[in-house]
Amino acid sequence: MIDREKIEELVKEYIHGSDLFLVAVKVSSSNKITVLADTKEGITIDECALLHHHIEKGLDRDVEDFELQVSSPGL
């Protein structure tokens, strides 16, 4: 199972110095990773995609396969 703390590190590395903030990180036993991030004004799809890409680059699918979802917690 992928370490939740590793995901949090990758997110914090990406959002450092930006308006983005981490709301939650969940990792299921089947390696489904859910990252919820937001800004005061609301996060865009493009921002979610860039964060997704950053997290994905920090993980190795050859070592452990995973499903990654990055989104906003919404209302």
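This short talk walks through one predicted model, beginning with a helix and ending with a loop.

Before we start, please keep in mind that residues are numbered from 1 along each chain as its sequence is written, and that side-chain values use heavy atoms, with hydrogens and water left out. Since the model is predicted, local features need pLDDT of at least 70 and side-chain atom pairs count only at pLDDT 80 or more, while totals for chains, interfaces and linings use all residues.

Let us begin with helix 1, where helices are DSSP runs of H or I with at least four residues, strands are runs of E with at least two, and both are numbered from the N terminus. Helix 1 has 12 residues, which at 1.5 Å a residue should span 16 Å, and its end C-alpha atoms are 17 Å apart, which agrees; the expected span is 1.5 Å times one less than the number of residues.

Which residues of helix 1 are buried? They are Ile7, Glu8, Leu10, Val11 and Ile15, where buried means under 20% relative accessible area, exposed means over 50%, and partly exposed lies in between, with a 1.4 Å probe and protein chains only. These buried residues cover an arc of only 160° around the axis, so they sit on the same side of helix 1; the arc is taken from the directions from the helix axis to the C-beta atoms. On the other side of helix 1, Glu5, Glu9, Lys12 and Glu13 are exposed.

Now to the largest nonpolar core, meaning a set of buried Ala, Val, Leu, Ile, Met, Phe, Trp, Tyr and Cys residues joined through side-chain atoms within 4.5 Å. Among its 19 residues, Ile7, Ile33, Val35 and Ile55 touch the most other members, and helix 1 gives the most to this core, with four residues. Val35, leaving out residues up to four places away in sequence, touches residues including Ile7, Val11, Leu51 and Leu68, where contact means heavy atoms within 4.5 Å.

Val35 also stands opposite Val25, and belongs to strand 2. Strand 1 and strand 2 run antiparallel and are joined by six bridges, and two strands pair if DSSP finds at least two bridges between them.

Finally, Thr39 lies in the loop between strand 2 and helix 2, and it counts as buried because its relative accessibility is 7%. A polar atom of the Thr39 side chain lies 2.9 Å from the backbone nitrogen of Gly42. Apart from neighbours within four places in sequence, Thr39 is in contact with Asp19, Leu20 and Phe21.

Terms used
Polar contact = N/O pair within 3.5 Å; in protein donor to acceptor, adjacent residues only side chain to side chain.
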